[in-house]
Amino acid sequence: MKKRVTGRQYTMNILNGISLGVVVALLPAALVGQLMQALQASFPPAAQIIMMTNFAMSLLPAIAAFCVGMQFKLNPIQTSAVAIAAMIGSGVMTQSDKQFLLQGTGDIINTGVTIALAVGVALFVGNSFKNYTILLLPLLVIIIAGGAGLLLLPSVKLVATSIGAIITHITALQPLLMGALMGISFAVLIVSPISSVGIATAIGLMGISSGSANLGITAGSFMLAVYGSSVNHIGTTLAHFIGSPKIQMGNMLRKPHLFVPLMINAGIMGLLGALFEIKGTPMSAGFGFSGLIGPLTAYHAMQGTALNIVVLCVLFVILPVILAYISKYIFIERLKWVAPQDLLLEI
């Protein structure tokens, strides 16, 4: 008898799996990409490291599918078939002169749609074909889900590109307002089941929009770390900004009032990011302070003067920490709106 999966559980498994896949596939390139490019002239192995991390990025659809398969406890045959369908539907692979070419990460939104369809087919088929399952299940998953992904790809890419273009255009017209909104949006995304990096990459978030989004995540990271510092171990506290504030996702979803101070701090830092014209890339937008990806990307986008280094230190460390303690004083000590226990992590 097949185990029944609810719609909510199905959606959460897909989102959680893709979020894990995004981190595994994209974080290595984000951490060393800029550094290796700068060292290529004096450090020959840098080119090989760039090649390896770029290859990992292109495997994002397959890695995401593998992580989703683990969420659903799929068997190796089902997981492999879902991974193949994801690679096909993502658009990361093209054929030229009888050769297959991998480029970029593919369309992450369409990757998610393809994986959702592929898992559905795999679960529906199950072990219906008995001894022939290993022959027929991969074929059905690849043709049905992979084929549907290919058909949807142009439309999904057009929508995502249009959203990115609209955000860029509005940011140029109203940079301060959009900076605040981007900061808030991505601070909320980073503590949700949805991948902030995946969304930023899908819509091609660039320039000031990306920098403001990154600063919003940074503000949220420091705020959550400071709020829970009295009840969490030092390693757990540091993990909020050295790693990812997504470790607080469970607490945030159980106690939605925590989003209020998070959005305030993120909005302020997003606005300041636009004011100082802090820029970023689609990859840096969703990582925040993690691995120094945000500040390093912003540094490479501006002139490397001593003043700019000071500005980056103030925006990415000093102000977020100050805002976190001010927020803690207001919402925890004065208003009693939040309790440190709300941020307890038992890891």
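Helices here are DSSP runs of H or I with at least four residues, strands are runs of E with at least two, and both are numbered from the N terminus. With that in hand, select A86, which lies in helix α4.

Before going on, some ground rules. This is a predicted model, where local features need pLDDT of at least 70, side-chain atom pairs count only at pLDDT 80 or more, and totals for chains, interfaces and linings use all residues. Residues are numbered from 1 along each chain as its sequence is written, and side-chain values use heavy atoms, with hydrogens and water left out.

**Stop 1: A86**

Is A86 buried or exposed? It is buried, because its relative accessible area is 0%; buried means under 20%, exposed over 50%, and partly exposed in between, with a 1.4 Å probe and protein chains only. Now show what surrounds A86: leaving out neighbours within four places in sequence, it is in contact (heavy atoms within 4.5 Å) with P61, A65, T114 and I115. For a sense of scale, draw a distance from A86 to S230: the C-alpha atoms are 43 Å apart, with the two positions 144 residues apart in sequence.

**Stop 2: zoom out**

Switch to cartoon and you can count 15 helices and two strands. The C-alpha trace spans about 65 × 50 × 40 Å along its principal axes. The radius of gyration, taken over C-alpha atoms, is 21 Å, which agrees with the value near 20 Å for a compact globule of 347 residues; the globule rule is 2.2 Å times the number of residues to the power 0.38.

Colour by burial and 48% of the 347 residues come up as buried. Put a surface on: the accessible area is about 17,000 Å², and 71% of that belongs to carbon and sulfur atoms. That area comes from the Shrake-Rupley method with a 1.4 Å probe, and for residues only the protein chains shown count as cover.

Of the contacts between residues at least 6 apart in sequence, 77% join residues at least 24 apart. For charges, pick out the 15 positive and 6 negative side chains; the centres of the two sets lie 13 Å apart. Lys and Arg count as positive, Asp and Glu as negative, while His and the chain ends are not counted. Each charge is placed at NZ of Lys, CZ of Arg, CG of Asp or CD of Glu.

**Stop 3: helix α2**

Go to T53 in helix α2. T53 is buried, with a relative accessible area of 10%. Setting aside residues up to four places away in sequence, T53 touches P28, A29 and V32. Its C-alpha is 8.7 Å from that of A30, 23 residues away in sequence.

Then select I49, also in helix α2, which covers residues 45-58. I49 has 25% relative accessibility, so it counts as partly exposed. Which residues does I49 touch, not counting those up to four places away in sequence? Look for V32, M36 and F43. Try I49 to F72 as well: 23 residues apart along the chain, with C-alpha atoms separated by 33 Å.

**Stop 4: P193**

Next, the loop between α7 (175-190) and α8 (196-203), where P193 is found. P193 counts as buried, at 11% relative accessibility. Beyond residues up to four places away in sequence, P193 touches M12, L15, N16, S19, K246, M249 and L253. A C-alpha distance from P193 to M51 gives 30 Å, for 142 residues of sequence separation.

**Stop 5: the aromatics**

How many aromatic pairs does a search of the whole structure find? Four. Rings of Phe, Tyr and Trp (its six-membered ring) pair if their centres lie within 6.5 Å; planes under 30 degrees apart count as stacked, over 60 as edge-to-face and the rest as tilted. Select F222 and F289: their ring centres are 5.5 Å apart and their planes sit at 65°, so the pair is edge-to-face. This pair links distant parts of the chain, with F222 in helix α9 (residues 207-227) and F289 in the loop between α13 (282-285) and α14 (293-300), 67 residues apart. Both F222 and F289 are buried. Add F241 to the selection and you have one aromatic cluster of F222, F241 and F289.

**Stop 6: two lysines**

Finish with backbone angles. K73, in the loop between α3 (60-72) and α4 (76-90), has phi near 55°, a positive value in a residue other than glycine. K73 is exposed, at 73% relative accessible area. K336, in the segment after α15 (306-334), has a positive phi too, near 60°. K336 is exposed, with a relative accessible area of 62%.
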